[in-house]
Protein chains: 2
Amino acid sequence: MQRERNKKYNLDALTDGILSGKNQWLSKGITLVESLLTEDRKESSNLMERLLPSSGKSLRIGITGVPGVGKSTFIEAFGSHLTKLGKKLAVLSIDPSSSISKGSILGDKTRMAQLSMDSNAFIRPSPAGSSLGGVATSTRESIILCEAAGYDVIIVETVGVGQSETIVKNMVDFFLLLMLPGSGDELQGIKRGIMEMADGIFINKSDGNMERAKRARKDFQNALHLFPPAASGWTVPVELGSSLEKDGIGEILEICEKFNTQTSESGWFEENRKNQEIKWFHQLIGQRLEADFYSYSITKEKIKKAEEMISSAQTSVRKALDDLFFA
Amino acid sequence: MQRERNKKYNLDALTDGILSGKNQWLSKGITLVESLLTEDRKESSNLMERLLPSSGKSLRIGITGVPGVGKSTFIEAFGSHLTKLGKKLAVLSIDPSSSISKGSILGDKTRMAQLSMDSNAFIRPSPAGSSLGGVATSTRESIILCEAAGYDVIIVETVGVGQSETIVKNMVDFFLLLMLPGSGDELQGIKRGIMEMADGIFINKSDGNMERAKRARKDFQNALHLFPPAASGWTVPVELGSSLEKDGIGEILEICEKFNTQTSESGWFEENRKNQEIKWFHQLIGQRLEADFYSYSITKEKIKKAEEMISSAQTSVRKALDDLFFA
């Protein structure tokens with residue numbers, strides 16, 4: 001994954017390599033867009049411009065769930081099912097914990113042993129040592145690169161804790177939540193609000209106590225019923241299955257395809273992608289403005305001081321703001 | 001509500017008037033902090049600084065629910081209950097629809113006829129013609145003014161549609177969601193995610209079909225059970241009642257007080273308020289930076305053009321961003 005720093009990219013070769021679907025070039029391209037080096041920015045920008053017209057044709061699926069829910073096993077089973085049908089699958093992960101520990105916890109290739117040997121599958125872990133914001137940006141661009149390389153389905157995988165799933169929700173078409181049977185203690189780890197983001201729920205490991213699994217499904221269905229309908233007009237299905245037994249995997253693909261057809265026909269699919277892009281653009285503008293502003297060490301000092309004074313009720317927020325911008 | 005533009009405020013008189021709990025001075029103070037005029041900014045800032053040490057001692061309650069759920073009737077009943085106990089209540093509303101129509105829909109004093117005659121109650125509608133962001137800022141400051149004027153309970157009321165309830169959630173201690181009995185069609189209007197913000201749910205109008213009301217409570221309890229515990233450590237109660245019959249009103253106050261005691265003892269109450277202030281400070285910094293940036297008409301033009309190119313896949317977001325900041 002380490003890029004050869006001394007070798008300049010040949011942009012033509014890189015573009016052609018990606019467009020002809022060669023994984024080694026795709027990897028190089030992703031390394032380029034992940035790069036934080038100033039000298040790589042212009043090249044990244046040019047690469048994106050060249051590949052953009054060939055992008056957009058995949059189904060982008062976000063997958064989340066707490067550690068232990070069986071995400072790797074699910075992606076293995078789902079991915080193998082896809083490649084057997086002649087489809088190409090790319091798996092990208094947004095994993096803040098792996099960024100913090102400067103490397104993926106288990107190693108994505110070990111986690112998904114079968115898929116990593118599959119020539120129609122491409123697995124790419126989070127870049128090590130990046131911020132969540134950085135990962136979010138590079139993952140969005142990696143999706144476009146994978147699409148340009150001819151991948152039909154892009155899975156963006158995340159851990160259902162922290163803020164990463166909101167980020168993933170905003171870059172995929174279909175968001176799949178993996179759950180365990182039993183609606184009690186097993187759910188404690190999942191973030192508030194995450195259930196309302198789901199376009200589908202898969203209750204994994206439903207291969208033991210089926211009564212329990214069915215009760216869990218009923219509970220989820222009841223809870224989903226309390227939510228208002230999604231803007232997509234889609235009704236969220238709850239599917240029982242077992243990744244280990246490859247049970248329910250084909251059904252999830254059918255659900256994804258039905259979603260794709262239904263929302264494409266209604267126009268929501270394209271509309272949603274456009275809105276995601278525009279929203280992302282404005283988020284980046286905001287981030288850029290704040291990054292520029294906070295980058296001055298004198299600003300940092302002032303803000304730290306202001307926070308202390310606000311916390312101890314020594315100043316109002318309004319005054320602190322005025323002092324920051326006018327003093 | 002119209003402020004006399006020609007008369008300069010005497011800051012000493014204003015401060016003293018508010019601190020001595022005189023509603024006409026409180027109203028003037030709120031009009032001042034709502035003012036968007038540059039010449040009023042400095043004065044507002046000074047007023048806030050003077051009143052801040054006398055603020056913070058109330059319980060801040062956010063109330064939301066779809067139109068028709070009976071918010072006004074609830075606030076009337078709840079407020080009268082409070083004032084009968086010798087407490088002083090202020091009601092502030094964040095109502096984007098009233099801002100858009102340049103005036104409150106029904107007129108807050110008509111909506112809450114009894115409370116508006118009550119000398120221990122103070123009712124203040126949204127400022128007409130302001131943006132939601134502006135309303136959010138002035139409402140936060142109005143809370144502080146009301147506290148300085150000796151109000152024990154501040155209700156911030158909003159309509160459970162759009163983005164206003166997230167704003168309210170971030171400025172109150174306790175967030176109460178009003179619901180109707182029956183968990184089906186009646187809920188369709190409420191925004192996704194709102195149930196997970198609630199610290200308490202009151203099922204209003206539970207005075208007809210009690211079976212139906214109890215079933216609704218069971219449904220809500222089941223759904224809440226699927227959510228992970230709140231950071232406050234608080235378990236969200238679901239209460240049945242009827243504002244019209246004054247049934248369940250005392251119970252809601254008891255719940256609020258229990259919440260106050262429990263979270264104060266755990267330290268979460270103070271911690272949450274500090275976090276709200278710091279978060280708000282940073283939000284305002286971001287808003288200010290964006291407002292400055294977007295205020296140039298040349299920037300506006302460029303952004304409009306960029307959005308069009310992004311939407312039609314003529315440019316990547318990265319390239320559009322670079323063009324915006326470097327071209």
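Contact here means heavy atoms within 4.5 Å.

**View 1. Where chain A meets chain B in this predicted model.** Each side puts in its share: 60 residues from chain A and 60 residues from chain B make up the contact. Together the two chains bury about 5,900 Å², and carbon and sulfur atoms account for 61% of that.

**View 2. A salt bridge between B:Arg318 and A:Glu141.** Zoom in on these two side chains and you get an N to O distance of 2.5 Å. The interface of chain A and chain B has 6 salt bridges by the rule used. Polar contacts across the interface come to 14 residue pairs, with both residues at pLDDT 80 or more.

**View 3. The side of chain A that touches chain B.** The elements giving two or more residues here are α3 (38-51), α10 (210-226), α12 (268-294), α13 (297-311) and α14 (317-326) of chain A. Top of the list is α12(A), which gives the most, with 14 residues. Sort this side of chain A by residue type and you find 32 nonpolar, 13 polar and 15 charged.

**View 4. Helix α3 of chain B, residues 38-51.** With 14 residues at 1.5 Å a residue, this helix should span 20 Å, and its end C-alpha atoms sit 21 Å apart, so the two values agree. Buried residues in α3(B) are B:Asp40, B:Glu43, B:Ser44, B:Ser45, B:Leu47, B:Met48 and B:Leu51. What covers them? The cover includes α14 of chain A, along with α1 (11-19), α2 (23-34) and α8 (132-148) of chain B.

Key: Residues are numbered from 1 along each chain as its sequence is written. Chains are lettered from A and ligands numbered from 1 in the order in which they are written. This is a predicted model: local features need pLDDT of at least 70, side-chain atom pairs count only at pLDDT 80 or more; totals for chains, interfaces and linings use all residues. Side-chain values use heavy atoms; hydrogens and water are left out. Buried area is the accessible area (1.4 Å probe) that two parts lose on being put together, summed over both. A salt bridge is a side-chain nitrogen of Lys or Arg within 4 Å of a carboxyl oxygen of Asp or Glu. A polar contact is a pair of N or O atoms within 3.5 Å; within protein, one must be able to donate a hydrogen and the other to accept it, and residues adjacent in sequence count only if both atoms are side-chain atoms. Helices (H or I, at least four residues) and strands (E, at least two) are DSSP runs, numbered from the N terminus. Ala, Val, Leu, Ile, Met, Phe, Trp, Tyr, Cys and Pro count as nonpolar, Asp, Glu, Lys and Arg as charged, and the others, Gly among them, as polar. The expected span of a helix is 1.5 Å times one less than its number of residues. Buried means under 20% relative accessible area, exposed over 50%, partly exposed in between (1.4 Å probe, protein chains only).
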